[in-house]
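I opened this model to practise reading a structure. Here is what I looked up, in the order I went.

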Amino acid sequence: MNEHRSPAPQDTPQLTGWRRFASPALCYRLAGHFIRPCTKLAIVLTLAGLYLGFFVAPTDAVQGEVYRIIFIHVPTAWMSMFIYLIMAFWAVVGLVMKTRVSFMLMRALAPTGAIFCFLALWTGALWGRPTWGSYWVWDARLTSQLLLMFLYLGFIALTHSIEDLRRADFAGAILALVGALNVPVIYFSVKWWSTLHQGASVSLSKAPSMATTMLVAMLLVALAAWAYTIAVSMVRLRHIILMRERRSTWVRALLDAQEQKETA
Amino acid sequence: MFAALLRRDLLLAWRSRADVLVSLTFFIIVACLFPFGVGSDKELLIRIGPGVLWVAALLSVLLSLNRLFAQDYADGTLEQWLLSDTPAPLWVAAKILAHWISTGLPLVLISPLLAVLYELPAEWLPTLAVSLLLGTPILALLGAVGAALTLGVRAGGVLIALLVLPLFVPVLIFGAGAVQAVADGTGATPWLLLLGAGDLAALSLAPLACAAALRLAVESG
């Protein structure tokens, strides 16, 4: 009767291949390898990109010096949109594979996305004042960026106000998914809305083609934003993992080892 | 099951008519507040009328959302439904439909009356009513997802507004756009078709997300 008994349950199931990255312990170590190189990369790329943008790139014929805010504005705006998509990606992975680390990564990304979104809006307002004559214009891009900000805030508020961690993770994932499905709808509706109401008073797309140095500078800052995002979200991911796995043996061992190192 | 639940929820709504009247009254009061704020200039009221009525309807739907599942969650009925063998999205859809009939439909019916307060031209009224008829179900469906996600969460009432208002924006744009299009003489059909498409998309996806969120709430509560 006992012949076909399944093997005794192990403490954690052994995962093979790429699935083993679902283990928090392994992820913790892996995340640690990213932090230093990405931080350095972010600093170097930011300095290089901003130097190129602020000192080397030619002055814009129409807008003068003020256009240089583009080197911060556009990379942050790109990044804020990318991060939401990446969050939605991890939400799907988490919902399908039921992997906790995916949710942790999703939550680790959200504050960075919100910060980039805020920076994009802020720099956009500062740029709008001298060029359009007002801090805020109800233009399609600005408005959808603002709504993206609200989506981020909603996500963060929801995941923080649910105390049960499992529910917070899944609820956040559902929200991220619903939000991601809505982003194109929001974008196009806002676009049609702004053409309906004000015609093409503000046209960003008709800007003259960019000089190569400008483009290079912008891409450098964009890459810096990627490196920064990876570094910061990995730090945050490690904190989340430690917090949630604080009762597991490997975290105990890790903390003990650290304590010994400090006392030694 | 679908019909039984629909009948039950409608009966419950009818028995507690006061709750239903609150959200309807809220709609009327918000719509009546605007002239006090912006002045009673006739041309201005005509211009902002469709948008104001749409925003008021949207807020009224938002206000009624946290009632959608709260009662059944509190007394354990929700858990029993989840345990039953009826597919969850099906009865969730029935609940949302009942909720819409008791809170959304009255808004649609009373909207021509409020439009008269704003002295909107008579030929705009059908478009306004139809746009609300097509738009409020989307609001109810999307809002139900928010209501399910925030079920039993502290500060749920404020949270739900933060979650669903960004998602409501396209509906508001299409709905108010339809009336505006009639005003501009460009024809409301494309906007109404977009609203119809939104209905179908929300109807096919929202009950699924809503059911998943409800299961989550019940399992962890």
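My notes on confidence come before those on chain B.

Ground rules: this is a predicted model, where local features need pLDDT of at least 70, side-chain atom pairs count only at pLDDT 80 or more, and totals for chains, interfaces and linings use all residues. Residues are numbered from 1 along each chain as its sequence is written, with chains lettered from A and ligands numbered from 1 in the order in which they are written.

**Confidence, chain A.** I looked up pLDDT (the predictor's confidence in each residue, from 0 to 100). Chain A has a mean of 82, with 88% of its residues at 70 or more. Residues 1-10 of chain A stay under 50, and I found zero contacts for them beyond four places in sequence (a contact means C-beta atoms, placed from the backbone, within 7 Å). Residues 199-203 of chain A are also below 50, but this stretch has three contacts beyond near neighbours in sequence.

**Overall look, chain B.** I got nine helices and zero strands (DSSP runs numbered from the N terminus: H or I of at least four residues for helices, E of at least two for strands). The C-alpha atoms of chain B fill a box of roughly 55 × 35 × 30 Å along the principal axes.

**A helix pair.** How do helix 7 and helix 9 of chain B cross? The axes of helix 7 (residues 125-149) and helix 9 (residues 189-220) of chain B come within 8 Å and cross at roughly 20 degrees (lines fitted to C-alpha atoms over the stretch in contact, with angles from 0 to 180 degrees between N-to-C directions). The two helices of chain B are therefore roughly parallel (angles under 35 degrees).

Technical notes. Two residues are in contact if their C-beta atoms, placed from the backbone, lie within 7 Å. Angles under 35 degrees count as roughly parallel, over 145 as roughly antiparallel, 65 to 115 as roughly perpendicular and the rest as oblique.
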